[in-house]
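Biologist: Zoom in on the aromatic side chains for me, please, and on whatever lies around them. Give me the cut-offs as you go.

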Amino acid sequence: SEWQWLRKDQASTPFSLTEVFTRPSMATTVGTYIIAGFEHILPDGLDHILFILGLFLFSVKLRPLLWQVTMFTVAHTITLGLTINGVIALPDNIVEPLIALSIAYVGLENIFARSLHTSRLLLVFSFGLLHGMGFASVLQDFGMPSDAFLTALISFNIGVELGQLAIISLAYLTLGLWFAKQNWYRRVVVVGSSAAIAVIGLYWTWDRVVI
């Protein structure tokens, strides 16, 4: 690929002209963009990690969690595709504070809401639209192969979903499986963790607006 993803100000590796002008295989493209999508969530996407944890904390029961994650997935898939194709565009100084605010909202609602309502699903869908624009920004910086655009886009999205599933699985195996039925679980784990998520989200909102 003529693209390289540079992390932490590292120097690029030498470009091989043979590789630049040789079309990579589909398997190489799929693997590259699945890894990129996964790494954007784990370990690099702390804001997305907190949002997904907020969805998990609302209920460890499968049905409410699936409804929320499904709405979030459908929404960010839509805006990821539309933004990367240039159909829609919002500047980062609008998208990033709103993403942070969505994290704060989910944390706060976890504290006060007791059951899943349609309004929360609609809000999760709306927040997913914002997060999709955030994914698109990263994907645009990473670079897209002109001859395998759709393959790369789908593969990146698969990587994102695998990252989200990994977060939910880790949270369940660490907390939900062992403690969800305890009387103190909501008071200590759900309310305490959600309050921390809300505070971090509000701080990020302020920080991103000020900057």
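Modeller: Start with Tyr 203 and Trp 206: both sit in helix α8, three residues apart, which is about one turn of the helix. A helix here is a DSSP run of H or I with at least four residues, numbered from the N terminus. Tyr 203 is partly exposed at 48% relative accessibility, while Trp 206 reaches 53% and counts as exposed. For those labels, buried is under 20% relative accessible area, exposed is over 50% and partly exposed is in between, using a 1.4 Å probe and protein chains only.

Keep in mind that this is a predicted model, where local features need pLDDT of at least 70 and side-chain atom pairs 80 or more, while totals for chains, interfaces and linings use all residues. Residues are numbered from 1 along each chain as its sequence is written, and side-chain values use heavy atoms, with hydrogens and water left out.

Searching the whole structure gives five aromatic pairs. In one of them, Tyr 105 and Phe 127 meet edge-to-face, 5.8 Å centre to centre with 65 degrees between the planes. That pair bridges distant parts of the chain, 22 residues apart, with Tyr 105 in α5 (residues 92-112) and Phe 127 in α6 (residues 118-142). Tyr 105 is partly exposed at 33%, whereas Phe 127 is buried at 12%. Back in α8, the ring centres of Tyr 203 and Trp 206 lie 6.1 Å apart with the planes at 35 degrees, so that pair is tilted. The rule: rings of Phe, Tyr and Trp (its six-membered ring) pair if their centres lie within 6.5 Å, and planes under 30 degrees apart are stacked, over 60 edge-to-face, the rest tilted. Ring pairs also join Phe 51, Phe 72, Tyr 105 and Phe 127 into a cluster.

There's a charge over a ring, too: the charged end of Arg 120 sits over Phe 58, 4.2 Å from the ring centre. The cut-offs there are NZ of Lys or CZ of Arg within 6 Å of the ring centre and within 35 degrees of the ring normal.

Phe 58 also brings us to the second largest pocket, which holds about 370 Å³. Its lining has 16 residues, and the closest to the centre are Phe 58, Ser 59, Val 60, Lys 61 and Tyr 185. A pocket is an open set of points on a 1 Å grid where a 1.4 Å probe fits, with protein on both sides within 12 Å along at least five of seven lines; lining residues have an atom within 4 Å of a point. Volume is the space filled by probe spheres set on those points. Helix α8 (185-210) and α3 (46-58) each supply at least two lining residues, and α8 gives the largest share, three.
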